[in-house]
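Reader: I should like to learn how to read the features of a protein model. Might we take them one at a time, with the general idea before the case?

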Amino acid sequence: FSPFPDYFIVPFLGYLSYLGFFNLYLVIIISSLADLLFMELDYLAGRFAGRSIVIKFLNIFRVKVKEFHDPEIWIKKHGAMAVFIATFIPFLKHLTSVAAGTLKMNLFWFTVSNFAGFFIRFLLLAYLGYRGVYLLSPNLDFSIRYILIAIALINFAFITYYLANKS
């Protein structure tokens, strides 16, 4: 509910965790769950209100409702990856969530891909705030390389899985 975007707040909370005011792990988990809650609300808005609005606009442009079937098939095949990628793009995540609800994406996969994306995003942002002093100094703390390698491997596995199963 803050007027500031999460990419400003979460690194600051990470820095406050470094100073001992907060627990870094709770910052990551609570930030992920909070953004997930907002995306679930966007999804539900698209699911219950968005479809009727889109159908009204389709009628204005003389587009048949049966042509709405192709995007529904696409979202069933590629929706989880689209939602995962959208979590890293600040304003696109809301549009994607409403579209996923409108196109009746599976709620379970919507939630899983959103949480995975937000967890990785806020892990990076909070850790940037937690270790930001070391990252910006000439004496780079190389202990973070294992975390960065783990994040890269998780992303690589997710993308490989998606590419292998997209057909």
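Author: Let us begin with a definition: helices (H or I, at least four residues) and strands (E, at least two) are DSSP runs, numbered from the N terminus. Lys76, for instance, has its place in helix H3. The model is a predicted one, in which local features need pLDDT of at least 70 and side-chain atom pairs count only at pLDDT 80 or more, whereas totals for chains, interfaces and linings use all residues. Residues are numbered from 1 along each chain as its sequence is written, and side-chain values use heavy atoms, with hydrogens and water left out.

Reader: How many helices and strands does the protein have?

Author: The protein has 6 helices and 0 strands. From the N terminus on, the order is α-α-α-α-α-α.

Reader: How does one check the length of a helix?

Author: The expected span is 1.5 Å times one less than the number of residues. For helix H1 (residues 6-19), with 14 residues, this gives 20 Å, and the end C-alpha atoms lie 19 Å apart, which agrees. Just after H1, Gly20 takes a positive phi of about 100 degrees.

Reader: How should I read burial, and is Lys76 buried or exposed?

Author: Buried means under 20% relative accessible area, exposed over 50%, and partly exposed in between (1.4 Å probe, protein chains only). Lys76 counts as exposed because its relative accessibility is 66%. Lys104 is partly exposed, with a relative accessible area of 41%; this residue is found in the loop between helix H4 (92-102) and H5. Lys104 also has a positive phi of about 60 degrees although it is not a glycine. Of the 167 residues of the protein, 32% count as buried.

Reader: Which residues does Arg121 touch?

Author: Contact means heavy atoms within 4.5 Å. Arg121 lies in helix H5 and counts as buried because its relative accessibility is 6%. Not counting residues up to four places away in sequence, Arg121 touches Asp6, Tyr7, Asp35, Thr87, Phe88, Pro90 and Lys93. Asp6 is itself among the buried residues of H1. For the protein, residues 24 or more positions apart account for 76% of the contacts with a separation of 6 or more.

Reader: How is a nonpolar core recognised?

Author: In soluble globular proteins, nonpolar side chains tend to be buried together. A nonpolar core is a set of buried Ala, Val, Leu, Ile, Met, Phe, Trp, Tyr and Cys residues joined through side-chain atoms within 4.5 Å. The largest one here has 17 residues, and those with the most contacts inside it are Ala100, Met105, Phe110 and Ala126. Helix H2 (24-60), H3 and H5 each supply at least two residues of this core, and the largest share, 6 residues, comes from H5. Ala100 touches Tyr43, Ile75, Val83, Met105 and Phe110, not counting residues up to four places away in sequence. The C-alpha atom of Met105 is separated by 6.1 Å from that of Lys76, 29 residues apart along the chain.

Reader: What is meant by a pocket, and which residues lie nearest the centre of the second largest pocket?

Author: On a 1 Å grid over the protein atoms alone, a pocket is an open set of points where a 1.4 Å probe fits, with protein on both sides within 12 Å along at least five of seven lines; lining residues have an atom within 4 Å of a point. The second largest pocket is lined by 19 residues, of which Lys77, Ala80, Met81, Trp109 and Tyr161 lie nearest its centre. H3 gives the most to this lining, with 7 residues.
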